[in-house]
Amino acid sequence: MKTLYKRKFIGIKELSPGVRSLQIRYDNFIITQKQLIKILIDQEDILDNIDEIKIFSRII
């Protein structure tokens with residue numbers, strides 16, 4: 001989510017994190033679903049080792 005937010009891809013309107021998901025609202029007049037999926041896959045490929053990423057969260 002942070003990577004997508006920082007890059008400010010045209011067509012991505014809103015990012016909303018869930019417990020184990022990320023909802024992405026996008027404008028399909030600007031970017032197609034296929035283009036969005038390619039962006040997501042490309043961004044996942046450049047992430048560091050995801051086994052070592054720490055997710056900061058709160059306990060409720």
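Helices and strands are here runs assigned by DSSP, with at least four residues for a helix and at least two for a strand, and they are numbered from the N terminus. With that naming in place, Phe-29 can be located in the loop between β2 and α2, the latter covering residues 33–45. The model is a predicted one, and the points below take up its strands, its loops and one residue of a helix.

**The strand pair**
- Strand β1, made of residues 12–17, runs antiparallel to strand β2, made of residues 22–26, and 5 bridges join the two.
- The connection from β1 to β2 is a hairpin of 4 residues.
- Within this pairing, Ser-16 has Gln-23 in β2 as its bridge partner.

**The loop after β2 and a surface patch**
- Phe-29, in the loop between β2 and α2, has a relative accessible area of 78% and therefore counts as exposed, since the cut-off for that class is over 50%.
- Together with Ile-10 and Ile-30, Phe-29 forms a nonpolar patch on the surface, and the accessible area of the three together is about 410 Å².

**The loop before β1**
- Lys-8 lies in the loop between α1, residues 2–7, and β1, and its relative accessibility of 64% makes it exposed.
- The phi of Lys-8 is near 50°, a positive value in a residue that is not glycine.
- Most residues other than glycine have a negative phi.

**A buried residue of helix α2**
- Gln-43 belongs to helix α2 and is buried, because its relative accessible area of 9% falls under 20%.
- Leaving aside residues up to four places away in sequence, Gln-43 touches Thr-3, Leu-4, Arg-7 and Phe-9.

Notes:
Residues numbered from 1 in each chain as written. Predicted model: local features only at pLDDT ≥ 70, side-chain atom pairs only at ≥ 80, totals over all residues. Heavy atoms only, no water. Pairing = 2+ DSSP bridges. Patch = residues over 30% accessible without salt bridge, like charges linked within 9 Å, V, L, I, M, F, W, Y side chains within 5 Å. Areas by Shrake-Rupley, 256 points an atom, 1.4 Å probe, with all protein chains shown as cover. Salt bridge = Lys/Arg side-chain N within 4 Å of Asp/Glu carboxyl O. Buried < 20%, exposed > 50% of the residue type's maximum accessible area, 1.4 Å probe, protein only. Contact = heavy atoms within 4.5 Å.
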